[in-house]
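Welcome! Here is a short briefing to read alongside the protein on your screen. Take your time and find each part as you go.

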Amino acid sequence: QLQLVESGGGLVQPGGSLRLSCAASGFTLDSYAIGWFRQAPGKEREGVSCISNSGSSTDYLDSVKGRFTISRDNAKNTVYLQMNSLKPEDTAVYYCAAVTGNYYPSGRYFCTLRGDNYWGQGTQVTVSS
């Protein structure tokens, strides 16, 4: 199973920023596309963003487009999620996981969750004044 470790969450005021990090444990990250997911209390887990293994293709949930940026540094075996202009509705536990990337006929990149992930504890993001 693929185990990833999330960090960087915290309490931030609306309009603030955070950068989350996702590090691989026991395997090389550059072989995998990686996605960020989040789960708010009482809600199902949803995909937020994903990035191809090379970093050349990305996809975002509509509600975070223009505010969040996913990136990766394969030399550091780490994927990042820069979150700007945070809103209270962004409050959730954020997780990263290995995904499978593909392309729609339109050329848009999208990702689906792999079945061999081991979900970690995630990192809590709370946006509140």
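Glu6 stands opposite Cys22, a residue of strand β3. These two residues are a good way into the sheet, since strand β1 (residues 2-7) and strand β3 (residues 18-25) run antiparallel and are joined by five bridges. Keep in mind that this is a predicted model.

**The open sheet**

- Five strands make up an open sheet with mixed pairing, and their order is β7-β8-β3-β1-β11.
- Why do β7 and β11 (117-118) each have one side without a neighbour in the sheet? They stand at the edges, and each has a single partner strand, so one side of each is left free of a neighbour in the sheet.

**Strand β7 and its hairpin**

- Strand β7 (residues 68-73) has two faces: Phe68, Ile70 and Arg72 are on the covered one, while Thr69, Ser71 and Asp73 are on the uncovered one.
- Its partner is strand β8 (residues 78-83), which runs antiparallel to β7 and is joined to it by six bridges.
- Look for Asp73 across from Thr78, which belongs to β8.
- Four residues lie between the strands of this hairpin.
- Asn77 is located in the loop between β7 and β8, and Asn77 has a positive phi of about 55° although it is not a glycine.

**The loop between β8 and β9**

- Ser85 sits in the loop between β8 and β9, and its phi is near 50°, another residue other than glycine with a positive value.
- Is Ser85 buried, exposed or partly exposed? Ser85 has a relative accessible area of 41%, so it is partly exposed.
- Asp90 is also in the loop between β8 and β9 (92-103).
- With a relative accessible area of 1%, Asp90 is buried, because a residue counts as buried when that value is under 20%.
- The side chain of Asp90 makes a polar contact of 2.7 Å with the side chain of Arg67.
- Which residues does Asp90 touch, leaving aside its neighbours within four places in sequence? Asp90 is in contact with Arg38, Val64, Arg67, Phe68, Ser85, Val125 and Val127.
- Two names in that list should be familiar to you: Ser85 comes from the loop above, and Phe68 is on the covered face of β7.

**Gly10 in strand β2**

- Gly10 belongs to strand β2 (residues 10-12).
- A relative accessible area of 22% makes Gly10 partly exposed, because buried would require a value under 20%.
- If we set aside neighbours within four places in sequence, Gly10 is in contact with Leu18, Gln124, Val125 and Thr126.
- To get a sense of distance, find Gly10 and Tyr103: they are 93 residues apart along the chain, and their C-alpha atoms are separated by 34 Å.

**The largest pocket**

- What is the volume of the largest pocket? The volume of the largest pocket is about 170 Å³.
- The pocket is lined by 15 residues, and the closest to its centre are Gly47, Val48, Cys50, Asp59 and Cys111.
- Strands that each supply at least two residues of the lining are β4 (33-39), β5 (46-51), β6 (58-60) and β10 (109-113).
- The most is given by β5, with four residues in the lining.
- Sorted by class, the lining has nine nonpolar, four polar and two charged residues.

How values were computed
Residues are numbered from 1 along each chain as its sequence is written. This is a predicted model: local features need pLDDT of at least 70, side-chain atom pairs count only at pLDDT 80 or more; totals for chains, interfaces and linings use all residues. Side-chain values use heavy atoms; hydrogens and water are left out. Buried means under 20% relative accessible area, exposed over 50%, partly exposed in between (1.4 Å probe, protein chains only). Two strands pair if DSSP finds at least two bridges between them. Contact means heavy atoms within 4.5 Å. On a 1 Å grid over the protein atoms alone, a cavity is a set of points where a 1.4 Å probe fits but cannot get out, and a pocket is an open set with protein on both sides within 12 Å along at least five of seven lines; lining residues have an atom within 4 Å of a point. Grid points are joined across faces, edges and corners, and a volume is the space filled by probe spheres set on the points. Ala, Val, Leu, Ile, Met, Phe, Trp, Tyr, Cys and Pro count as nonpolar, Asp, Glu, Lys and Arg as charged, and the others, Gly among them, as polar. A polar contact is a pair of N or O atoms within 3.5 Å; within protein, one must be able to donate a hydrogen and the other to accept it, and residues adjacent in sequence count only if both atoms are side-chain atoms.
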